[in-house]
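Subject: Structure for your review

Dear colleague,

Please find below the structure that I am handing over to you. The findings follow directly after it.

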Amino acid sequence: MTGPEHYREAERLLRDEYRTDRSIAEAQVHATLALAAATALVTPSQRAAVRTIRSWHNVAGIKPSGGDAG
């Protein structure tokens, strides 16, 4: 899973109306992995970096600014 995918899974697990102690623990693991992925964000190219940043913006609900072309 990518960092944004871990983030979405953590949100899904916490949003579930049938939360259990296990699902909360699983959400914590996914959130930790998402944080690790964001912290270790190193990409081999600018294009890959832009895609990764857009993935994080998408999962966080951040709308691109007008100057963010490409």
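A residue counts as buried if its relative accessible area is under 20%, as exposed if that area is over 50%, and as partly exposed in between. Gly3 has a relative accessible area of 7%, so Gly3 is buried. Please bear in mind throughout that this is a predicted model.

**Overall picture**

The protein has three helices and zero strands. Read from the N terminus on, its elements follow the order α-α-α. The protein has 70 residues, of which 19% count as buried. If one takes the contacts between residues at least 6 apart in sequence, 42% of them join residues at least 24 apart.

**Helices α1 and α2**

Two packed helices are described by the angle between their axes and the distance between the axes. The axis of α1 and that of helix α2 (residues 21-39) come within 8 Å of each other and cross at roughly 155°. An angle over 145 degrees counts as roughly antiparallel, and α1 and α2 are therefore roughly antiparallel to each other. The crossing in which α1 passes α2 is left-handed.

On the side of α1, the residues that meet α2 are Gly3, His6, Tyr7, Glu9, Ala10, Leu13 and Leu14. Their partners in α2 are Ser23, Ile24, Glu26, Ala27, His30, Ala31, Leu33, Ala34 and Ala37. By type, the residues of this contact divide into 10 nonpolar, four polar and two charged.

Three residues illustrate this region. His30 has its place in helix α2. With a relative accessible area of 15%, His30 is buried. When its neighbours within four places in sequence are left aside, His30 is in contact with Met1, His6, Glu9, Ala10 and Leu13.

Gly3, already introduced as buried, has its place in helix α1. Not counting residues up to four places away in sequence, Gly3 touches Ala34, Ala37 and Trp56. Gly3 and Thr39 are 36 residues apart in sequence, while their C-alpha atoms are 9.7 Å apart in space.

Glu11 also lies in helix α1. Is Glu11 buried, exposed or partly exposed? Its relative accessible area is 34%, so Glu11 is partly exposed. From C-alpha to C-alpha, Glu11 and Ala27 are 7.2 Å apart in space, and they are 16 residues apart in sequence.

**Helices α1 and α3**

How do α1 and α3 pack, and at what angle? The angle is about 10°, and the axes of the two helices are 9 Å apart. Angles under 35 degrees count as roughly parallel, and this makes α1 roughly parallel to α3. Here α1 passes α3 in a right-handed crossing.

In this contact, Gly3, Pro4, Tyr7 and Arg8 in α1 meet Ser55, Trp56, Asn58 and Val59 in α3. The residues involved divide into four nonpolar, three polar and one charged. Gly3 and Tyr7 are thus listed here, and they are also listed in the contact of α1 with α2.

His57 lies in helix α3. The relative accessible area of His57 is 31%, which makes this residue partly exposed. His57 and Pro4 are 53 residues apart in sequence, and the distance between their C-alpha atoms is 9.0 Å.

**The aromatic pair**

A pair of aromatic rings is described by the distance of the centres and the angle of the planes. Rings pair if their centres lie within 6.5 Å, and planes over 60 degrees apart count as edge-to-face. By this rule the count comes to one aromatic pair. The ring centres of Tyr7 and Trp56 are 6.4 Å apart and their planes stand at 75°, so the pair is edge-to-face. The pair links distant parts of the chain, with Tyr7 in helix α1 (residues 3-15) and Trp56 in helix α3 (residues 46-60), 49 residues apart.

Which of these terms, buried or partly exposed, applies to Tyr7? Tyr7 has a relative accessible area of 32%, so Tyr7 is partly exposed. Trp56, by contrast, is buried, because its relative accessible area is 17%.

Yours sincerely

Note on methods
Residues numbered from 1 in each chain as written. Predicted model: local features only at pLDDT ≥ 70, side-chain atom pairs only at ≥ 80, totals over all residues. Heavy atoms only, no water. Phe/Tyr/Trp six-rings, centres within 6.5 Å; stacked < 30°, edge-to-face > 60°. Helix = DSSP H or I, 4+ residues; strand = E, 2+ residues; numbered from the N terminus. Buried < 20%, exposed > 50% of the residue type's maximum accessible area, 1.4 Å probe, protein only. Axes fitted to C-alpha atoms, helices over the stretch in contact; angles between N-to-C directions. Parallel < 35°, antiparallel > 145°, perpendicular 65-115°, else oblique. Left-handed = near helix turned anticlockwise from the far one by under 90°. Contact = heavy atoms within 4.5 Å. Nonpolar A, V, L, I, M, F, W, Y, C, P; charged D, E, K, R; others polar.
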